[in-house]
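Let's take a walk through this model, starting at the surface and working inward. Keep the structure open as you read.

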Amino acid sequence: TDDSGDDDDETASPAGKSELHSTIKSLSLKLDDLSTCNDLIAKHGAALQRSLSELDGLKIPYESGEKLKVVNERATLFRITSNAMINACRDFLELAEIHSRKWQRALQYEQEQRIHLEETIEQLAKQHNSLERAFRSAPGRATNPTKSFSEGDLLTPKGEDSEEDEDTEYFDAMEDSTSFITVITEAKEDRKAEGGTTGSVDWTSSDNVLDGASLVSKSPPKVKRRVRIPDKPNYSLNLWSIMKNCIGRELSKIPMPVNFNEPLSMLQRLTEDLEYHHLLDKAVHCTSSVEQMCLVAAFSVSSYSTTVHRIAKPFNPMLGETFELDRLDDMGLRSLCEQVSHHPPSAAHYVFSKHGWSLWQEITISSKFRGKYLSIMPLGAIHLEFQASGNHYVWRKSTSTVHNIIVGKLWIDQTGDIEIVNHKTKDRCQLKFLPYSYFSKEVARKVTGVVSDSQGKAHYVLSGSWDEQMECAKIVQSSPSSPSSDGKQKTVYQTLPAKLLWKKYPLPENAENMYYFSELALTLNEQEEGVAPTDSRLRPDQRLMEKGHWDEANTEKQRLEEKQRVSRRRRLEACSRGCGTEEAEKEADVYVPLWFEKRLDPLTGETACMYKGGYWEAKERQDWHMCPNIF
């Protein structure tokens, strides 16, 4: 795909001129060659005609004389035709030079119009913002700040009659949930503020776990891990040429070359969610369930931080493919994924941490190509349980959208709401991922949220961005605002200054040439002894792609996919012997996982694959006889 942006306006015109001049120069050189050939034709043609004239003077039979006349006429016609061809070539070159200047002027005009249009739109957006600011600061409006906001504002109004306004930030909440505004205040002022609806909360209660949440340093691993992979080769391929006939189809059913992949499987991408596992390690020590919810919410947002530059598609795992992450020494956890369904693609995941928590999920990736953008909708619940307290959290992922599929620079956005529920205490956290808009006054990739207890009383306000950091601010007082002009009413939360919960690790050096992989991502496909023969690290097409051998990787990918189709046909034949065609097809698509089993989830009421045990014991014995041959 072609990049689009401001740089195009500066570079397209000189590049176009250079290309046209190069073409004209090539045509001129070819015309010189043709002229030389024409001179040679004229020279040899004249010599031929002289020879024919000499033959005319000889005493030769009548029939031979007639033949000589015909040859002479043809030689003359050949000279006339060659001269006409050269003249036509000169005319073509002259026309090309004239029209190239016209094309260049037209192109320049279109570029100037585009720049003018962009400047006009930008100016209109600025004027719109200025008018809104002027409207808010108009006399008679500063006395009631809650009326001066539209949805999504983030302002610091400064009124002359209030000193508090200088240190106050207002956050408008999610449209689909309870709207709110937060006012940041100092702790000493909270003791005076007891006239609100909910009264003053004891702000001196211990939340020292949150104080240290963002200060976790990564301990160096005992095993030295790799810090780089081969640079991505510069292969050019037109995405639109492949996907234009696939609008509305499932992405998993489109035969895609590895050129659009990154050298990781979806199982490894799922494991990447654990990069900020220290948030959960910290949450184990929380005595307050609402404090713990803040860290769980930050963890749920952190899983999206790896996606901001990662627009390449992970490999769709083979049926029965697995991926283990055995990092008890440095990360304190063991993780196992297995591909349990191919259509639709579905992966089961189980994580055990020695720090006192476990996480499990079955995620089905549903994706649709819409023409201009690609929607990726992960379906399935994520479960997190803390053993000591019994707190059991459940949430679902938001929708990811890849924009500019047809033209322009690809970019990804996260949108939608996430509700996290603690099924033991009934605490809830409502998170909203704000969609990006060119005209929005909000920061890009913004996330907001509120943590409430089982009675619906709000305790914390969350804010940040899914690609950088998340903060939480303790609510010390809440009260309803006056209804706005459209009749909507917001809740005003008075909070303490925000505390940092999570901050993204910086990317490794040279990450832009290594698919924008994080430090953890760089280690995931590192070859490791003792893993199951179905492990993603052993997948040959993915390994070839990582090494930069993309042509060989594409050949190998086709072989693996055909092998998988043959396995499905065999299952279909086996099933069709005892039942009808339709039933046989359903049976052929049913795969019995090796390390997981289907169970009814009592909390969600859904059937999901859960870990049944045995993998790590098999690894200890190095007994893999039960594993299918998928590679």
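Start with Leu-117, which is exposed: its relative accessible area is 51%, and the exposed class begins over 50%. Keep in mind that this is a predicted model. Leu-117 sits in helix α2, which covers residues 62-136. On the surface, Leu-117 teams up with Ile-121, Tyr-436, Tyr-438 and Phe-439 to make a nonpolar patch of about 530 Å².

Now head inside. The largest nonpolar core has 70 residues, and the members touching the most others are Trp-357, Leu-384, Trp-395, Ile-420, Leu-431 and Leu-462. Helix α8 (residues 289-302) gives this core its largest share, 9 residues. Domain 1 (239-482 + 490-501 + 591-621) and domain 2 (539-590) each supply at least three residues to the core.

Leu-462 is a good place to pause. Setting aside residues up to four places away in sequence, Leu-462 touches a long list of partners, including Cys-294, Ala-297, Cys-429, Leu-431, Val-447, Val-451, Met-470 and Leu-501. Glu-471 and Thr-448 are among the residues Leu-462 touches as well.

There's also a second core, separate from that one, with 13 residues; among them are Ala-348, Cys-609, Tyr-615 and Cys-627.

One last stop: helix α10, residues 540-547. Its buried residues are Asp-541, Gln-542, Arg-543, Met-545 and Glu-546. Step just past the end of α10 and you'll meet Gly-548, whose phi is positive, at about 100°.

Key: Residues numbered from 1 in each chain as written. Predicted model: local features only at pLDDT ≥ 70, side-chain atom pairs only at ≥ 80, totals over all residues. Heavy atoms only, no water. Core = buried A, V, L, I, M, F, W, Y, C linked by side-chain atoms within 4.5 Å. Buried < 20%, exposed > 50% of the residue type's maximum accessible area, 1.4 Å probe, protein only. Helix = DSSP H or I, 4+ residues; strand = E, 2+ residues; numbered from the N terminus. Domains from an automatic or database assignment. Contact = heavy atoms within 4.5 Å. Patch = residues over 30% accessible without salt bridge, like charges linked within 9 Å, V, L, I, M, F, W, Y side chains within 5 Å. Areas by Shrake-Rupley, 256 points an atom, 1.4 Å probe, with all protein chains shown as cover. Salt bridge = Lys/Arg side-chain N within 4 Å of Asp/Glu carboxyl O.
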